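Student: I've got a model open and I'd like to go through the labels people put on it. Can we take them in turn and ask what earns each one?
Tutor: Sure, let's pull it up.

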Amino acid sequence: MSQNPFADDPTTQAEYFEGRWISKGKTYTTRDVSAINDRLASEITRINSRRSLSAEAKQIAIARAYRDARDRITAMKQAETDHITSERTRLSRKLFGFEGNADPQTVIVRRDAADRAAKLDSPEAAARALSMAEANGDAYMAQAIAGQANANMWNDVVNTYLDTHPEAGAAAQQWRELPDPDDGVWKLQQAMTYTVMQPQELGGMPDYQVDRLADTVLDGNAPTAA
């Protein structure tokens with residue numbers, strides 16, 4: 001079996017079918033989250049079934065189980081965000097930055113282009129400057145403008161640049177498909193994906209109180225969930 005070409009993209013679900021990998025579409029990593037929530041539910045059932053535990057000891061054990069599930073899911077959420085951010089940075093550098101070694105004159109030209117692009121203060125100004133740079137065949141200036149547009153999230157300008165540079169190819173496609181971790185809608189969707197419902201036994205207490213409860217020791221021994 002060949003290597004999955006979608007393995008580095010956490011937002012793409014893929015399957016191996018008839019000798020090749022195919023994308024099944026965009027998804028979010030819910031399987032592991034569901035597994036953690038299922039384990040938490042089972043743990044709470046076991047705790048509540050233990051007649052040897054007092055009501056207080058049961059609540060402490062449930063607080064511990066919930067905290068563990070919450071922290072695991074929070075870590076998964078952060079890992080996804082970090083991976084996407086890293087990939088966007090890598091692709092942005094490839095598409096809009098300057099990779100590889102260059103002679104001193106080229107370095108000066110690139111730096112000048114970046115300085116001029118940094119002075120653009122609106123997407124309209126960037127679009128005009130990009131059109132002029134492309135018309136003049138100034139590849140370094142066009143790339144610098146696209147980089148500035150990307151930094152400022154002037155997506156129309158970025159898309160114009162990418163549309164006129166087919167050599168960007170797969171990197172551009174990958175970059176476009178990756179979610180933006182700063183996008184409010186994506187943040188909300190991610191928060192809904194990486195969530196754990198607080199057990200009713202904890203009464204809706206804030207997490208700092210849950211943590212304090214989970215650290216409680218009764219009679220010199222912390223209650224266990226097993």
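Tutor: First, pLDDT is the predictor's confidence in each residue, from 0 to 100. This is a predicted model, and the chain has a mean pLDDT of 82, with 81% of its residues at 70 or more.

Student: Where is confidence lowest, and where is it highest?
Tutor: Strand β2, residues 20-26, is the low point with a mean of 59, while helix α9, residues 207-214, is the high point at 95. Where pLDDT is low, the predicted coordinates should not be read in detail.

Student: What does the overall layout look like, from the N terminus on?
Tutor: The order is β-β-α-α-α-α-α-α-α-α-α, which comes to 9 helices and 2 strands. Of the 226 residues, 35% count as buried. Among contacts between residues at least 6 apart in sequence, 65% join residues at least 24 apart.

Student: Let's test the word "buried", then. Why is Ala117 called buried?
Tutor: Ala117 has a relative accessibility of 1%, and the cut-off for buried is under 20%, so Ala117 counts as buried. Ala117 sits in helix α3.

Student: And what makes Asn150 buried?
Tutor: Asn150 comes in at 18%. The limit is under 20%, so Asn150 counts as buried too. Asn150 belongs to helix α5, and beyond its neighbours within four places in sequence it is in contact with Ser92, Phe96, Val158 and Trp175.

Student: Why does Ser54 count as partly exposed?
Tutor: Its relative accessibility is 39%. Buried needs under 20% and exposed needs over 50%, with partly exposed in between, so Ser54 is partly exposed. Ser54 is in the loop between α1 (31-49) and α2.

Student: What does the side chain of Ser54 reach, and how do you know that it's a polar contact?
Tutor: The Ser54 side chain reaches the backbone nitrogen of Ala57 at 3.1 Å. A polar contact needs N or O atoms within 3.5 Å, so the 3.1 Å pair qualifies.

Student: Back to Ala117. What does Ala117 touch?
Tutor: Setting aside residues up to four places away in sequence, Ala117 touches Met141, Ala144, Ile145 and Gln148. Ala117 and Ala146 are 29 residues apart in sequence, with their C-alpha atoms 8.6 Å apart in space. Looking from Ile145, and leaving out neighbours within four places, the contacts are Ala117, Leu120, Ala126, Ala129, Leu130 and Ala133.

Student: Which residues have the most contacts inside the largest nonpolar core?
Tutor: That core has 27 residues, and those with the most contacts inside it are Leu95, Phe96, Leu120, Ile145, Tyr161, Leu162 and Trp175. The elements giving two or more residues to it are α2 (55-96), α3 (104-117), α4 (123-135), α5 (139-151), α6 (155-163) and α7 (169-177). Helix α5 gives the most, with 6 residues. A second, separate core has 22 residues, including Ile62, Ala63, Met205 and Leu213.

Student: Which residues of α6 are buried?
Tutor: Val157, Val158, Tyr161 and Leu162.

Student: How do you know that they line one face of α6?
Tutor: Look down the axis of α6: its buried residues fall within an arc of 135°, so they line one face of the helix. The face turned away from that buried side carries the exposed residues Asp156 and Asp163. Cover for the buried residues comes from elements including α2, α4, α5 and α7.

Student: What about α8, which residues are buried there?
Tutor: Trp186, Gln190 and Thr193 are buried in α8, residues 184-193. Down the axis of α8 they fall within an arc of 60°, so they line one face of that helix. The buried residues of α8 pack against α1 and α2. On the face turned away, the exposed residues are Val185, Leu188 and Met192.

Student: What makes Asp183 a cap for α8?
Tutor: A side-chain oxygen of Asp183 lies 3.2 Å from the backbone nitrogen of Val185, at the N-terminal end of α8. The polar contact limit is within 3.5 Å, so the 3.2 Å pair makes the cut.

Student: Last one: what is notable about the phi of Met153?
Tutor: Met153 has a positive phi of about 60° although it is not a glycine. Met153 lies in the loop between α5 and α6.

Notes
Residues are numbered from 1 along each chain as its sequence is written. This is a predicted model: local features need pLDDT of at least 70, side-chain atom pairs count only at pLDDT 80 or more; totals for chains, interfaces and linings use all residues. Side-chain values use heavy atoms; hydrogens and water are left out. A nonpolar core is a set of buried Ala, Val, Leu, Ile, Met, Phe, Trp, Tyr and Cys residues joined through side-chain atoms within 4.5 Å. Buried means under 20% relative accessible area, exposed over 50%, partly exposed in between (1.4 Å probe, protein chains only). Helices (H or I, at least four residues) and strands (E, at least two) are DSSP runs, numbered from the N terminus. Contact means heavy atoms within 4.5 Å. The arc is that of the directions from the helix axis to the C-beta atoms. A polar contact is a pair of N or O atoms within 3.5 Å; within protein, one must be able to donate a hydrogen and the other to accept it, and residues adjacent in sequence count only if both atoms are side-chain atoms.
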